[in-house]
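Dear colleague,

I am passing on to you a structure that may be new to you. Please look through it before reading the notes that follow.

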Amino acid sequence: MQTRKHANWQWFICLFAYLPICLFGTACGDDDELGTPRPRGYFRINFPEKEYVNYGESCPFVFAYPKYAKIEIDKAPGAEPCWLNVEFPHYRGTLHLSYKKVDGNIAQYLEDARGMAVTHQVKADAIEERMVINKEAKVFGLVYDIEGNAASNVQFYLTDSTKHFVRGALYFTAKPNKDSLAPVIQFIREDVFKLIDSFRWL
């Protein structure tokens with residue numbers, strides 16, 4: 001009888017000794033077990049190597065564009081000759097290029113380009129303006145580098161001030177999300193800058 005009481009007493013000691021440890025271990029468990037939401041992750045994107053080819057078909061300009069893109073003539077209602085779409089099919093992105101002849105109306109084209117860029121200011125975190133000056137090639141312009149959840153993250157215009165004017169705007173057919181789209185935007189932004197740097201009038 002004495003032995004049985006002693007055994008019961010040891011059992012209670014063990015219970016009270018290990019109970020706090022068990023409770024503490026549960027409270028400090030993995031966040032997933034407690035239902036705490038984890039930060040959203042995004043799929044890693046493997047980008048191809050940068051390799052460029054030249055475009056120069058029946059339009060008064062030439063430029064370099066990446067091999068993983070394709071160029072299509074803009075057939076939307078109201079499109080004019082030499083309006084082009086540089087398509088990035090794997091990334092659901094399109095760089096829209098629209099060409100205009102200048103005939104004493106350069107000021108209007110400049111104002112229109114500025115107005116179209118400013119419309120994205122509501123959703124943008126910031127808009128950085130970068131001058132384009134290539135005196136040798138007579139290519140001048142302005143790049144609107146738009147940060148944030150704007151529908152278009154890069155817009156620009158190029159002109160020789162007397163005869164030619166081209167406006168470009170990069171859009172994606174995905175809901176704007178600066179976190180998920182950031183790697184893609186940065187990747188294609190480099191291609192847009194390459195196009196601008198290589199742009200020449202004919």
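Is F47 buried, partly exposed or exposed? The model is a predicted one, and in it F47 has a relative accessibility of 30%, so F47 counts as partly exposed.

Aromatic pairs

The structure contains 13 aromatic pairs. One of them joins F47 and Y91 in a tilted arrangement, with 5.7 Å from centre to centre and 45° between the planes. This pair links distant parts of the chain, 44 residues apart: F47 lies in the loop between α1 (2-27) and β1 (52-55), and Y91 in the loop between β4 and β5. Unlike the partly exposed F47, Y91 is buried, because its relative accessible area of 14% is under 20%.

A stacked pair is formed by F63 and F199, whose centres are 6.3 Å apart and whose planes meet at 5°. Here too distant parts of the chain are linked, since F63 sits in strand β2 and F199 in the loop between α3 and β10 (200-201), 136 residues apart. Both partners are buried: the relative accessible area is 1% for F63 and 0% for F199. In addition, ring pairs connect Y55, F61, F63, Y65, Y99, F199 and W201 into a cluster.

Nonpolar cores

In soluble globular proteins, nonpolar side chains tend to be buried together. The largest nonpolar core of this model has 36 residues, and those touching the most other members are F61, F63, L95, L97, F156, I188 and F199. Two or more residues of this core come from each of β2, β4, β5 (93-101), β7 (139-148), β8 (152-159), β9 (164-172) and α3. Of these elements, α3 provides the largest share, eight residues.

Beyond its neighbours within four places in sequence, F63 is in contact with V53, N54, Y55, I71, L84, L97, L195, S198 and F199. A second, separate core has eleven residues, among them Y109, A113, A117 and L142.

The cavity

One cavity of 30 Å³ or more is present, and the space in the largest cavity is about 30 Å³. Its lining consists of Y65, P66, V86, F88, L95, D191, V192 and L195. By class, seven of the lining residues are nonpolar, none is polar and one is charged. At least two lining residues are supplied by each of β2 (61-66), β4 (84-88) and α3 (178-198), and α3 gives the most, with three.

Yours sincerely

Key. Residues numbered from 1 in each chain as written. Predicted model: local features only at pLDDT ≥ 70, side-chain atom pairs only at ≥ 80, totals over all residues. Heavy atoms only, no water. 1 Å grid on protein atoms, 1.4 Å probe; cavity = no way out; pocket = protein on both sides within 12 Å on 5 of 7 lines; lining within 4 Å. Points joined across faces, edges and corners; volume = space filled by probe spheres on them. Helix = DSSP H or I, 4+ residues; strand = E, 2+ residues; numbered from the N terminus. Nonpolar A, V, L, I, M, F, W, Y, C, P; charged D, E, K, R; others polar. Core = buried A, V, L, I, M, F, W, Y, C linked by side-chain atoms within 4.5 Å. Buried < 20%, exposed > 50% of the residue type's maximum accessible area, 1.4 Å probe, protein only. Contact = heavy atoms within 4.5 Å. Phe/Tyr/Trp six-rings, centres within 6.5 Å; stacked < 30°, edge-to-face > 60°.
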